[in-house]
Amino acid sequence: MTGKKNRYAKISTCFLYGIEGFLADIEVAISSGLPAFEIVGLCDPSIRESKERVRAAIRHSGYEFPTGRITVSLSPAYMHKSGSSFDLPLALCILLASGQIRKKNKGRLFAYGELTLTGEVHEVPGSIPRLACTKGTDIVQIMIPSRTVREAALLEVTAIGVSSLLKAICLLEGRSMPQQEQEQEQEREAEQVKILSAAVPRDIQTESLCESVDFSLLRGQKKTGRAIFLAASGFHNILLTGSPGSGKTTAARILQGIMPPLLMSEKIELLKLRSVSGILLDEDLYKEERPFRYVHHTCTAAAMAGGGANPTPGELSLSLHGVLFLDEMSEFSPHVLDLLRQPMEENSILISRAGMKVRFPTQFLLVGATNPCRCGQLLEEPKSCTCNEWQRKQYMNRISGPLIDRIDLFSELYRIDKSSLLESVQGTNLHLSDNLREQVAACWQRQYERCDQAGQARVLNGSNHTHQIMEFFRITSKAAEFGVQSSEKLRISARGLNRLLRVARTIADLEGAGDVQISHVAEALQFRQKTS
Amino acid sequence: MEEYTVVEKNMNSSNASHQSNASHQTNASFPSPQIVNLEADLFISDLILDPQMGGRRLRSLMENQLIHSLRDLYTLPLHQIPKRLDHVLTEEDCTRIRSCLRDEKRKSNAGRKAEKCMGLGIFSINREDESYPLNLRSLDGMPLVLYYMGDLSILGARKMPAVAIVGSRQPTVYGVTVTKEVARELVEHDICIISGLARGIDTIAHETTLKYSGKTVAVLAGGLDQVYPPENRDLFEKICSTGLVLSEMPPGQKAMRRYFPARNRILSGLSDLVAIMEAGEFSGTLHTASFAAAQGRDVFVVPGTIYAQQSRGNLKLIQDGADLLLSSEDILARLAGLSFFREMDEIRHDEERRSIAGRLKESPQLLTHEECIHIICEQLTFAERTMDELIEMTGFPFERIAPIISELELMGKVIEQHQRYALTFFCT
């Protein structure tokens, strides 16, 4: 075998950049010379480490690691690559190049996965974007870690799950596995080729939606009930103010529950993010529930925005198409809060590192919760607040004006009385959320239809930054005049007026009204920010 | 039978003047009720002014229910005046009343006068009429008959708030300045200005109101054809065309010194609040103030300097406990409270109120917008409430209450503090 001069093989694989997967080619050339093993193609130490794993795995699977000068090239060579996903294709490629195995199928082969020293194939983060990038290419055979076949099924990608290097080799050569190995194999996993998403049991889907808190648990909080209903209907950012224990978190949970399930395209986008950050759970694949990210006020800027030397998405991105819940919003460090501003307008966040820039999508419904003052008792009766006017101002000023400007709805919660308290402990058997979710879905549909008519991208009222607000939202001149007059009297800024009209539009949409009337604007006025 | 013919003759004779006053009449061939009433009212005024009869005896006829209506004295034949007279009234009163009513000349005079009045555009209202000013109806000792020119609806049932601005006939520059400013600001808030057409402050109050196209009412001491002071003739005409002039005295009656205090009682009675600009130590304006106090009207007094003679009365009133007028805001705030409570009273005493409460329980969605406002205001009268509490108390859904609260906030009737809503009693 060493007699041949240039032995060469090539396999396709992929690498991650941000949340996108990119196809890459691994080429291996073995030439005679002093034994050497070089990997080129802008790869970081994590890839160089794979040398040793590959060497051990090949030997353990009963093959020989070739001698001679082995040159591995990863292309495209201009892009920075990292991670352990190159182990499996690298091992296969070396075996092919050395002539120890032979491809049965002549088409393009795609593989990725991490190898252990014994030759087992482990999964790596980012399965969804990795699989997604194989779509629409001329790849004929796809080998992936066997744990990720369900992701492949979800994406409707025909892929074969492999649990060991040996299995991969057998598949490649088109022969069945040795008897002993096969039994082991079947024990671990036999699930194979193409499980379509249709095969996903339906009852799991519906059940997952019911897990969220039901609307009936918000008893007594009438204004907030209406506010979160509107927030869900128009994707309006909302700030809830209330004393400790008044149910702010519950309200946010309910809000998540009354939003319609994720669309398939949204879900895949979300799964990409999750798989890239390595927090994808098996049950996530079947969930149609929108994400709910509970962020504590000790959250750092990197955790919020995303980061790391090899940037991974932060909370802003992980709450994609769902709820970003900031508890104790006024306790957050101001510069962490200000990170929210840009992503809220641009629907994406750019993470810049030396040598690389990554853009993660962000599209969240911000639900802020805050105490009305430091002691938290300002809204309670009998008056028990011990803060003075200056302290209250200081407390509320921690949320910067520009951020407040991006919040459409403001509502308050009060400590609930005894009877309601009892009910909330006992729980109710009511399923009010289901009905509301249907109304919200219908409302979204109306908003989408309006966008379609105007030839716009489909966005909900809360994230619609149109400049022709009067025309697009169909606000009657009377209603607009009323809005302007009330802005003057109640000292609402121009931006505030804009938000007022957007909320009014959502109220009208909920009613199914074509035009925005005075009464809609008048109701929206009650959700404006009130300076205390 | 004789009386009937007299009436008939009067009616026919007045036809001619009807034509010139077509706007006030429904059918050209028949006398309008208005002229018959005018004749009757002139007849009554004549009786009142006659020392033989006088207002007291006329009132006693009514009080003892001897007649249904004072106008019956004119329209009904004499023999229908009840014989019971003798049993109730003293002998002297009876003979006087009988002799007065027998006087034929009096009735024909009234007919002639009515014709003249119609020509001048003067009309009358009787205490028994629907259109009799609301503010006077609830007071004692108010005139049985009023003559007017102009738009009576200014003082009608659903009237605008009215403020009397009165003061000295020789005002200081300070008094003139204050009067102009207060009148202008009140007019800008749609408040009617009432005054007496006298020289000085009264004239300025009227002129300022007209200048800013507000509504003004002048109450005269003499008959409406006897404008006093004569130099205010032009002002009088202007007020007639856009506002209203009133007098208790029938046309032809000269303004006499003793009539002025009587005029002042009507002036203060008509208004919701009396503002005194400048009053000397013995000024007639002080009469108005004391009438106002007796009639339950608030008196606001502009504080003046202790050196000016024309301010002495003001300072004395302040010493006696009148309200200080530091800016027109003071008046507006008080009026808002008054009108608010009046509205609330109306609804509280209304039968309808009970039906609102009933319907609120049965079918809250059928209530009108106004009824909802009243229900919400009522809830806020006793304590500040949060939105959630209001929803619980009224049973309205949020989307019903929120626009109403917004509206009330914009009107300035309701104010929000720490997420609680409270009434301001201020609604301009």
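A residue is called buried here if 20 or more other C-beta atoms lie within 10 Å of its own, and this cut-off will be needed when we come to one helix of chain A in particular. The model is a predicted one, and every value that follows is computed from it.

We can begin with chain A as a whole, in which there are 23 helices and 18 strands. Of the 532 residues in this chain, 45% are buried. If we look at the contacts in chain A between residues at least 6 apart in sequence, we find that 76% of them join residues at least 24 apart.

Let us now turn to helix α3 of chain A, which runs over residues 87–97. The buried residues in α3(A) include A:D87 and A:L88 at one end of the list and A:L96 and A:A97 at the other, with A:P89, A:L90 and A:C93 also among them. Because 11 of the 11 residues of this helix are buried, α3 of chain A is largely enclosed by the rest of the structure. Just after α3(A) comes A:G99, which takes a positive phi of about 80 degrees.

Finally, we can consider how the two chains meet, for 18 residues of chain A are in contact with 15 residues of chain B. On the side of chain A that touches chain B, the elements that give two or more residues are α9 (222–234), α21 (477–490) and α23 (518–525) of chain A, and the largest share, 4 residues, comes from α23(A). Sorted by class, this side of chain A has 7 charged, 6 polar and 5 nonpolar residues.

Methods
Residues numbered from 1 in each chain as written. Chains lettered and ligands numbered in written order. Predicted model: local features only at pLDDT ≥ 70, side-chain atom pairs only at ≥ 80, totals over all residues. Contact = placed C-beta atoms within 7 Å. Nonpolar A, V, L, I, M, F, W, Y, C, P; charged D, E, K, R; others polar. Buried ≥ 20, exposed ≤ 12 C-beta atoms within 10 Å, placed from the backbone.
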